Amino acid sequence: MTREFRKKKYSVPPVPEDASAFEKYKAKAYSTAVKAIEMYLDVRGTIEDHVRGFTEPTSDKLLPDLQPLEEHVFTLVLDLNETLVYSDWQRERGWRTFKRPGVDAFLEHMSRLYEVVVYSDQPPMYVEPVLERLNSRGTISHRLSRPATKYLDGKHYRDLSKLNRKPNQVIYLSAHALENCLQPENCVNIKPFKLESDDTQLLDLIPFLEYVAMARPSDTRTVLASYQGHDVAAEFIERSKEHQRRIQEQNKHGRLWRR
């Protein structure tokens with residue numbers, strides 16, 4: 001808004017020497033008003049810049065440019081809380097963070113296929129110690145925390161448009177994907193992790209994510225749209241079985257035809 005105001009030009013016209021006392025008074029009043037407007041715009045601009053620093057991501061390019069040899073690699077963005085880990089608080093011991101079952105194997109495998117980015121809405125001081133544990137094998141390419149989110153209506157959102165990556169080569173995986181991401185077309189929702197010891201959600205998704213990385217579709221969003229309303233991992237297995245069945249049928253008919 002301040003920028004729009006500044007586009008208008010405010011100038012004080014010169015006052016003729018023979019001007020009446022009333023005209024001189026009007027000119028002085030106008031000059032004072034112009035100075036007041038300029039002062040207001042300066043203060044307003046400072047406030048807007050300050051607020052923008054809390055509501056907008058710190059940069060329009062949250063990730064560095066890809067090297068030419070890396071431009072074919074897809075980007076897998078992973079939420080942190082209740083997706084990769086679960087943080088639990090108890091009075092006798094305070095906060096503790098638990099890894100989701102299979103998270104280390106999942107990250108190691110995905111790092112061979114994707115550029116792996118962890119994107120959290122928590123402050124860096126809380127996120128970094130957890131990520132140090134998760135990244136002990138160097139499987140995470142980039143880390144994004146609260147300063148990289150967009151603050152809107154009292155909530156911190158992940159804005160994938162600021163990643164500096166092609167939107168058609170990005171997948172966002174989260175237990176709250178449709179609630180905290182501004183690009184639902186890039187989202188894969190996963191069941192929240194609540195310390196279940198038999199949880200296999202991450203491992204179940206490996207075949208699907210492996211397929212996408214190897215097949216390299218022209219647009220990941222089109223692929224994800226075809227799974228809308230389904231459990232992605234389970235639906236992928238069913239489709240794979242159906243594909244195998246069709247191949248077997250074709251091979252069977254081929255053998256019969258050759259005879």
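I take a residue as buried when its relative accessible area is under 20%. The model I am reading is predicted.

**Entry 1: Phe208.** I looked up the accessibility of Phe208 and got a relative accessible area of 1%. That is under 20%, so Phe208 is buried.

**Entry 2: Phe236.** I did the same for Phe236, where the value is 12%. This residue is therefore buried by the same cut-off.

**Entry 3: aromatic pairs.** I went through the rings next and found four aromatic pairs in the structure. One of them joins Phe208 and Phe236, with ring centres 5.8 Å apart and planes at 75°. Planes over 60 degrees apart count as edge-to-face, so I logged the pair as such. I then checked where the two residues sit in the chain. Phe208 belongs to helix H6 (residues 201-215) and Phe236 to helix H8 (residues 232-258). They are 28 residues apart, and the pair links distant parts of the chain.

**Entry 4: Tyr211.** Which kind of pair do Tyr211 and Phe236 form? I noted a tilted one, at 5.5 Å centre to centre and 40° between the planes. Tyr211 is in helix H6 and Phe236 in helix H8, so this pair ties together parts 25 residues apart in sequence. I also looked up the accessibility of Tyr211, which is 45% in relative terms, and entered the residue as partly exposed.

**Entry 5: the cluster and Arg239.** I grouped the rings and found that Phe208, Tyr211, Tyr227 and Phe236 make up one aromatic cluster. At Tyr227 I recorded a charge as well: the charged end of Arg239 sits over the ring, 3.9 Å from its centre.

Terms used: Residues are numbered from 1 along each chain as its sequence is written. This is a predicted model: local features need pLDDT of at least 70, side-chain atom pairs count only at pLDDT 80 or more; totals for chains, interfaces and linings use all residues. Side-chain values use heavy atoms; hydrogens and water are left out. Rings of Phe, Tyr and Trp (its six-membered ring) pair if their centres lie within 6.5 Å; planes under 30 degrees apart count as stacked, over 60 as edge-to-face and the rest as tilted. Helices (H or I, at least four residues) and strands (E, at least two) are DSSP runs, numbered from the N terminus. Buried means under 20% relative accessible area, exposed over 50%, partly exposed in between (1.4 Å probe, protein chains only). A charge sits over a ring if NZ of Lys or CZ of Arg is within 6 Å of the ring centre and within 35 degrees of the ring normal.
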